[in-house]
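Good morning, colleagues. I should like to take a few minutes to go through one structure with you. Please have it open in your viewer as I speak.

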Amino acid sequence: MIKEVKMYTVICDNCGVDIGKDDEYSCWGEHWQAIDNAMNAGWHEQDGKHYCTDCFSFDDDDNLILRKIKT
Ligand SMILES: [Zn+2]
């Protein structure tokens with residue numbers, strides 16, 4: 001039989017990229033696994049949002065700087 005299951009992935013809150021896009025896995029069975037994977041991949045979590053490696057940097061005062069997205 002076929003059963004639908006709920007899976008999780010992490011999307012960059014800045015640019016909208018899906019971390020699973022170029023990964024071996026595209027989603028995870030538990031949300032913490034998806035977040036764990038994102039952290040291991042160098043993503044940044046702040047205030048409940050997640051940012052991909054292309055989107056964030058820190059200035060000299062350790063303030064989070066987000067890449068400006070062209071609209
Ligand atoms: Zn991003």
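Let me begin with cysteine 52, in what is a predicted model. Leaving aside neighbours within four places in sequence, cysteine 52 is in contact with Cys12, Cys15, Val17 and Trp43.

Which residues coordinate the zinc ion? The donors are the SG atoms of Cys12, Cys15, Cys52 and Cys55, at 2.2 to 2.3 Å. Along the sequence, these donor residues follow the spacing C-x2-C-x36-C-x2-C. The arrangement is tetrahedral, because the 4 donor atoms subtend angles of 106 to 116° around the zinc ion.

Two of the donors may be set side by side for their accessibility. Cysteine 12 has a relative accessibility of 2% and therefore counts as buried, whereas cysteine 15, at 31%, counts as partly exposed.

Cysteine 52 also belongs to the largest nonpolar core, which has 11 residues. Among its members are the zinc donors Cys12 and Cys55, together with Val10, Ile19, Trp28 and Trp43. As general background, nonpolar side chains in soluble globular proteins tend to be buried together.

Finally, I turn to histidine 50, which lies in strand β2, residues 49-51. Is histidine 50 buried or exposed? Its relative accessible area is 11%, so histidine 50 is buried. Not counting residues up to four places away in sequence, histidine 50 touches ten-odd positions that I shall not read out in full; they include Val10, Cys12, Trp43 and Glu45. With glutamate 45 there is also a polar contact, side chain to side chain, at 3.2 Å.

How values were computed: Residues numbered from 1 in each chain as written. Predicted model: local features only at pLDDT ≥ 70, side-chain atom pairs only at ≥ 80, totals over all residues. Heavy atoms only, no water. Helix = DSSP H or I, 4+ residues; strand = E, 2+ residues; numbered from the N terminus. Buried < 20%, exposed > 50% of the residue type's maximum accessible area, 1.4 Å probe, protein only. Polar contact = N/O pair within 3.5 Å; in protein donor to acceptor, adjacent residues only side chain to side chain. Contact = heavy atoms within 4.5 Å. Donors = N, O, S within 2.8 Å, 3.2 Å for Na, K, Ca; no water. Tetrahedral: all angles 85-135°; square planar, octahedral: opposite > 155°, others 65-115°. Core = buried A, V, L, I, M, F, W, Y, C linked by side-chain atoms within 4.5 Å.
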